[in-house]
Structures are given as C-alpha cells and as structure tokens.
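Me: Could you take one short part of this structure and walk me through it closely? I'd like to see what lies around it and then how it fits into the whole.

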Amino acid sequence: MVVQKICCLGAGYVGGPTCSVIALKCPEIKVTVVDMSKERIAQWNSDKLPIYEPGLDDVVKACRGRNLFFSTDYTNAILEADLIFISVNTPTKTFGNGKGRAADLKYVEGAARMIAEIAQSNKIVVEKSTVPVRAAESILNILSANNKPGVSYQILSNPEFLAEGTAIEDLLHPDRVLIGGEDSPAGHAAVEELCGIYEHWISRKNILTTNTWSSELSKLAANAMLAQRISSINSLSAVCESTGADVSEVARAIGLDSRIGSKFLQASIAVFKRISSILFIFVNV
Ligand SMILES: NC(=O)C1=CN([C@@H]2O[C@H](COP(=O)(O)OP(=O)(O)OC[C@H]3O[C@@H](n4cnc5c(N)ncnc54)[C@H](O)[C@@H]3O)[C@@H](O)[C@H]2O)C=CC1
Ligand SMILES: O=C(O)[C@H]1O[C@H](OP(=O)(O)OP(=O)(O)OC[C@H]2O[C@@H](n3ccc(=O)[nH]c3=O)[C@H](O)[C@@H]2O)[C@H](O)[C@@H](O)[C@@H]1O
C-alpha cells in the first residue's frame, strides 16, 4: 500500500500545522483534518486561522482546497483514509485516579471508537497526541473490540516535538522524527509507510524507528528532561538571589559547555505543564 489519503482527528496546535506541512510537502496525498468543533474548522477555512504561527498562513494558503481540507465530516474522512493521525487533546485529569497529574485519555479513546465504528478497510492509525506508555495498546484494544471482517489495523507511535511559536520551523526542520511500531512484518511495513511520508522533506538519517513502547516513552522522557532543566535553573536562580550571582550569567557560562548546551536554561516562574507525565508513565496507573 502507498498512502494516498490521510485523515487527522484533531485540528489543534499540533494537527493543523503538522498536516498543513505534510500537505505542502506531499502534493500527491490528500490530507483531511477533521474536528468536532465546527467553529475551529470554520476558522481553518477562513482568512483568520485559529492559531498564529509564523509561516503557517503561507503553508495553508498554498495547499488548502488543493490537497488540504478542513472538515467536520469525520465519517467520510475516516472511510477514505489509508492512514489516520490521532492528534486530539490529552488534558491533565481533573478527577479520579491520577487527578491533577495523569493525562486524561478520554479524547484519544473517543477518537479510537470513532475509527472502530466507521472504518471499512485496513488503516494505519498513528498516535500523535502525547500519551502514557502503552496507550497504543489501549487504542488497539478498542479497535479490536469492534472487529469487522477484512479490516485490520496497525498502530504507530509518532510523537510530536514541536513547540508553540516555532511550529512550522520545527516541522520543516525537526531535530528528529520518531516512529514506533509493532515488531512484526506488518508493523515494519506500516512504519515504512509513515517514513515514506516524512522522507518527502526529512533525511532518512533523521527519522528514528523504534518499537512502539520505546517511542511512547522517549516522548515522555524528553518532556521530563526538559522540565528537569527548567527546574534546575530555577533552583539556581534562588541560590543566585541569596549569593548576589546573576542567573543569566550563570546560565550562559554553564550553557557554553558542549556537554550541557545552552537551550532550556532560562529561569522563570513557568511550570512545565507536562512534568507530571513522567510520573504517570503507564496507562491505568
Ligand atoms: N501544543 C503543543 O505545543 C504540543 C502538543 N502536543 C500534544 O499533541 C496533542 C494535541 O495537542 P493540541 O493540538 O495542542 O491540542 P488542541 O486542544 O489545540 O487540539 C485538539 C483538538 O482535538 C479535537 N478533538 C477532540 N476529540 C476529537 C475527535 N474524537 N475527533 C476530532 N477532533 C477531536 C478538539 O476539538 C481540539 O480542537 C496533545 O496530546 C498534546 O499534549 C505535542 C507536542 C506539542
Ligand atoms: O507534550 C506536550 O504537550 C508538549 O509539552 C511541551 O510543551 P509545553 O508544556 O507547552 O511547554 P513549552 O512551551 O515547551 O515550555 C514550557 C514552559 O517552560 C518555559 N521555559 C522554557 C525554556 C526555558 O529555558 N525556561 C522556561 O522557563 C516556557 O516559557 C514555557 O512556559 C513541549 O515543549 C512539547 O514539545 C511537548 O510535546
């Protein structure tokens, strides 16, 4: 199979820009981004996009109506897609086990149920949302529970590393793309399909392929290590205040050490919202 049609569930900060760049770089692929929110889709179809990211307007203008579509018709988009990104929100749980710390997977599970009910042909389902480890297994369980003859699924993990404010630059020139899949011939074939999409603009050496769980865990580990750096520099900031040192001078001095590097060393009162994800790494904890 060569992917000809892509559907993305979730037209947010990640789904919108990611699929716009895919549409730009893969003009032969039809990309449909769907959302339950009529208002959000209307904005994506207007001159005033729902989010501001440098460069996004130009990318959308170049592809919208050509091979990039924003729609609320998820039934058709799912039916015709060979590959489906799940790029829905994963907010922090507000009640129950893991309240205030764990990711709430209700939207991811809702998206999986939509696919299970609608799909009539084989699909590659790509977990793009940031999720706890083994979420791919939960998605597969939902899809398998609604088993239809002649319909099979491959689940891939393809976490997103973009940051708001630099989304287009991050998507066009990522440090790496990470794709995890099942360790089987069918799993490897699905991974190759997704690699083939990214290879339209990213060198193969920057596309890492792993097993599903390594990919899921790598995303959480990266978030945790970034959070740790901010936490460390914030602690140093307190030490600076009591010693008369200047935290920006200290950050510059330590950041010039190539083993440490200069990024993510700005002290602030920001709370890295994803720090909690490393504490709740597994589904159902
Ligand atoms: N915003 C960021 O900078 C980054 C976010 N992420 C992760 O990517 C995921 C998505 O994040 P955002 O795009 O920021 O979220 P968002 O809240 O901007 O967008 C998510 C969209 O999904 C829609 N949605 C929910 N359920 C749906 C369904 N069943 N079918 C269709 N649409 C549905 C919502 O209506 C919403 O518009 C999250 O897991 C987040 O942690 C990852 C990297 C960076
Ligand atoms: O999984 C997710 O949902 C996303 O979580 C983070 O996104 P976010 O939590 O929104 O955090 P960032 O915007 O990257 O930055 C966190 C905060 O730290 C602050 N920060 C950043 C860098 C720094 O040196 N110091 C500092 O205080 C920023 O101002 C910001 O308020 C990651 O950046 C995304 O790559 C990730 O995938």
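**A strand and its surroundings**

Reply: Happy to! Let's begin at I207, which sits in strand β8, a run covering residues 207-211. Please keep in mind that you are looking at a predicted model. How accessible is I207? Its relative accessibility is 7%, and because the cut-off for buried is under 20%, I207 counts as buried.

What does I207 touch, once its neighbours within four places in sequence are left aside? Its contacts are V177, I179, C195, Y198, E199 and I202. V177 and I179 fall in strand β7, which runs over residues 177-181. C195 and Y198 belong to helix α8, spanning 185-198. From I207, then, you can look out to β7 and α8. For a sense of distance, take E160: I207 and E160 are 47 residues apart along the chain, and their C-alpha atoms are separated by 13 Å.

Now follow the chain onward to S215, in helix α9, which covers residues 212-243. S215 has a relative accessibility of 0% and therefore counts as buried. Beyond its neighbours within four places, S215 is in contact with S157, N158, P159, L178, I179, G180 and T210. Two of these names tie back to our starting point. I179 is a contact of S215 and also of I207, while T210 lies within the residue range of β8. L178 and G180, for their part, fall within β7.

Next, step past the end of β7 to E182, in the loop that leads from β7 to α8. Is E182 buried, partly exposed or exposed? With 35% relative accessibility, between the 20% and 50% cut-offs, E182 counts as partly exposed. Its side chain makes a polar contact of 2.6 Å with the side chain of S184. Leaving aside its neighbours within four places, E182 is in contact with Q154, G187, H188 and T212. G187 and H188 are positions of α8, and T212 stands at the start of α9, so you can trace this loop to two helices through those contacts. Going much further away, L68 is 114 residues from E182 in sequence and 29 Å from it in space, C-alpha to C-alpha.

From here, let's turn to the ligand. Around ligand 1 there are 21 residues, the closest being V14, D35, R40, T90 and E164. By class, this shell has 9 nonpolar, 7 polar and 5 charged residues. Which element gives the most to it? That is helix α5 (residues 106-118), with 3 residues. Several oxygen atoms are worth a look in the viewer. R40 has an N or O atom in its side chain 2.8 Å from an oxygen atom of ligand 1. The backbone takes part too: Y13 has an N or O atom 2.9 Å from a ligand 1 oxygen, and a backbone N or O atom of T130 is likewise 2.9 Å from an oxygen of ligand 1. Ligand 1 has 840 Å² of accessible area on its own, and the protein covers 85% of that.

V14, one of the closest residues to ligand 1, comes just ahead of helix α1 (residues 15-25). In α1, 9 of the 11 residues are buried, so this helix is largely enclosed by the rest of the structure. Among the buried ones are G15, C19 and I22.

Two backbone details are also worth a glance. R134, in the loop between β5 (123-127) and α6 (135-145), has a positive phi of about 80 degrees although it is not a glycine. R134 is partly exposed, at 31% relative accessible area. F264, in the segment after α10 (247-255), also has a positive phi, near 55 degrees, and counts as partly exposed at 38% relative accessibility.

Finally, the whole chain. Its secondary structure comes to 10 helices and 8 strands, and 46% of its 285 residues count as buried. Among contacts with a separation of 6 or more, 76% are between residues 24 or more positions apart. The C-alpha trace spans about 70 × 40 × 40 Å along its principal axes. The radius of gyration is 20 Å, which agrees with the value near 19 Å for a compact globule of 285 residues.

Terms used
Residues are numbered from 1 along each chain as its sequence is written. Chains are lettered from A and ligands numbered from 1 in the order in which they are written. Side-chain values use heavy atoms; hydrogens and water are left out. A residue is near a molecule or strand if one of its heavy atoms lies within 4 Å of it. A polar contact is a pair of N or O atoms within 3.5 Å; within protein, one must be able to donate a hydrogen and the other to accept it, and residues adjacent in sequence count only if both atoms are side-chain atoms. Accessible areas come from the Shrake-Rupley method with a 1.4 Å probe; for residues, only the protein chains shown count as cover. Helices (H or I, at least four residues) and strands (E, at least two) are DSSP runs, numbered from the N terminus. Ala, Val, Leu, Ile, Met, Phe, Trp, Tyr, Cys and Pro count as nonpolar, Asp, Glu, Lys and Arg as charged, and the others, Gly among them, as polar. The radius of gyration is taken over C-alpha atoms; the globule rule is 2.2 Å times the number of residues to the power 0.38. Buried means under 20% relative accessible area, exposed over 50%, partly exposed in between (1.4 Å probe, protein chains only). Contact means heavy atoms within 4.5 Å.
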